[in-house]
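Here's a quick briefing to read alongside the coordinates. Have a look at the model first, then work through the notes below by topic.

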Amino acid sequence: MADPPVAVRRTRTVRLVTALLAVLLAASGCASAGADGPTVRLAQFPWSAAKLTNAILGEVVAAHPELGVGRLKTIQVGPATAWAGAQRGDVDALTEVAMPNQSELAAKAEDRIELVHPTYSGAEQGWYVPSYAVEPGRPLAGLTGVTQLNDYADALGNRLVDSDPSFLTTEYNAKRLAGYRLDLEQVTSSEAAQIAELRRAYERRQPILVYLYRPHYIFEELALTKLTEPTPAREDCYTTGDGACAMPAYSAWTAASPDLARTSPGFAAMLRRFELPLADVEQMLQRVDVDNEDVEVVARDYVAAHPDRVRQWVGAGA
């Protein structure tokens with residue numbers, strides 16, 4: 001998980017971001033709940049777990065009009081833009097908020113939107129290499145930790161294959177490369193392009209260094225080795241620190257505007273109970289990202305298969 005995603009880029013003008021949010025709102029997806037309640041604007045980050053989480057919420061809202069939501073409107077945005085919109089009151093809730101990755105963004109919007117509950121926790125992130133590449137006689141034999149990477153730079157093509165430029169972790173990884181004084185180029189792209197390059201390297205049994213996070217379907221598909229870090233994660237490492245530290249395991253949180261408790265109290269209460277086991281998320285991601293099943297179908301199947309969990313979320317019998 002990143003994760004994930006670009007530290008707050010100060011917008012050149014409020015007008016520019018407001019216009020962008022307006023366009024995104026117009027192009028967003030909706031899930032009808034069959035209730036007479038208000039529309040809830042839900043930010044959706046550009047990774048599959050976020051789409052899956054929102055699809056599950058859409059299924060639950062559609063089946064439970066007592067939650068008081070007329071419609072869920074999903075807004076496709078990166079973290080920096082989503083939190084800028086939250087700060088202005090342009091979105092009502094965010095899911096898959098990677099903490100502590102997005103803590104700086106959340107702090108700037110805390111007067112308009114608050115973290116309410118973790119969906120899952122203990123998700124690792126860091127730099128990985130294919131497990132075959134570190135076997136004896138292979139190009140990365142002997143590589144175990146990030147501080148050794150300069151010795152293996154040639155074998156790695158002098159590259160760290162990173163993910164989506166909108167992820168906050170993209171900036172963290174740039175700081176990590178500088179902090180560890182590593183002679184590697186940071187190559188960013190879409191996550192789909194990153195995974196495609198990893199798969200090509202894997203098929204050819206070539207070495208490659210990639211940033212990855214959990215939950216992610218790729219760990220169900222490929223054997224990967226996480227490089228060790230000499231320094232544990234520190235709260236200030238990527239702000240006032242030098243970036244030479246481990247990336248923290250993160251939790252995915254839901255955040256919501258306090259106004260939701262007034263306009264849709266049932267839905268706001270549900271968000272405070274909404275949890276998903278990390279293993280379940282990765283299994284669903286495999287169906288979405290590997291088997292190419294529709295995310296709405298996977299979400300619908302999960303909701304149907306876990307009625308007790310859904311009842312707990314909606315507070316039935318509570």
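In this predicted model, His-216 touches Glu-191, Ile-195, Glu-282 and Leu-285, leaving aside residues up to four places away in sequence. His-216 sits in the loop between strand S9 (210–213) and helix H7 (218–221). With a relative accessible area of 3%, His-216 is buried, the cut-off for that being under 20%.

**The cavity beside His-216**

- His-216 is also one of the residues that line the largest cavity, together with Ser-48, Ala-49, Glu-191, Tyr-213, Pro-215, Tyr-217, Leu-285 and Asp-289.
- Glu-191 and Leu-285 turn up twice here: they touch His-216, and they belong to the cavity lining as well.
- How many cavities of 30 Å³ or more are there? The count comes to 1, and the largest cavity holds about 40 Å³ of space.
- Helix H2 (48–63) and helix H10 (278–290) each put at least two residues into that lining.
- By class, the lining of this cavity splits into 5 nonpolar, 2 polar and 2 charged residues.

**Helix H12 and its two faces**

- H12 covers residues 307–314, and its buried residues are Val-310, Trp-313 and Val-314.
- Why do these buried residues end up on the same side of H12? Because they cover an arc of only 85 degrees around the axis.
- That fits the usual helix geometry: an α-helix has 3.6 residues a turn, so residues three or four places apart point the same way.
- Turn to the face pointing away from the buried side of H12 and you'll find the exposed residues Asp-308 and Gln-312.
- The cover over the buried residues of H12 includes H2, helix H9 (265–271) and helix H11 (295–305). So H2 has a part in two of these topics, given that it also supplies at least two residues of the largest cavity's lining.
- Just past the end of H12, Gly-315 takes a positive phi of about 80 degrees.

**The second largest pocket**

- This pocket has about 290 Å³ of space.
- It is lined by 15 residues, and the closest to its centre are Pro-100, Ser-103, Tyr-172, Glu-235 and Thr-239.
- Two or more lining residues come from each of helix H4 (103–108) and helix H5 (168–179).
- Which element gives the most to this lining? That's H5, with 3 residues.
- Sorted by class, the lining of the second largest pocket has 7 nonpolar, 3 polar and 5 charged residues.

**Strand S4 and its partners**

- S4 spans residues 93–99 and is mostly covered, with 7 of its 7 residues buried.
- S4 pairs with strand S2 (residues 39–44) in the parallel sense, over 2 bridges. Here Ala-43 stands opposite Leu-94 of S4.
- S4 is also joined to S11 by 5 bridges, and these two strands run antiparallel.
- Which residue in S11 is the bridge partner of Met-99? It is Ser-251.

**Ser-251 up close**

- Ser-251 lies in strand S11, which takes in residues 250–256.
- Is Ser-251 buried or exposed? At 17% relative accessibility Ser-251 counts as buried, since the cut-off is under 20%.
- Not counting residues up to four places away in sequence, Ser-251 touches Val-97, Ala-98, Met-99, Tyr-120, Ser-121 and Gly-122. Met-99 is therefore both a contact and the bridge partner of Ser-251.

Definitions and conventions
Residues numbered from 1 in each chain as written. Predicted model: local features only at pLDDT ≥ 70, side-chain atom pairs only at ≥ 80, totals over all residues. Heavy atoms only, no water. 1 Å grid on protein atoms, 1.4 Å probe; cavity = no way out; pocket = protein on both sides within 12 Å on 5 of 7 lines; lining within 4 Å. Points joined across faces, edges and corners; volume = space filled by probe spheres on them. Helix = DSSP H or I, 4+ residues; strand = E, 2+ residues; numbered from the N terminus. Nonpolar A, V, L, I, M, F, W, Y, C, P; charged D, E, K, R; others polar. Buried < 20%, exposed > 50% of the residue type's maximum accessible area, 1.4 Å probe, protein only. Arc of directions from axis to C-beta. Contact = heavy atoms within 4.5 Å. Pairing = 2+ DSSP bridges.
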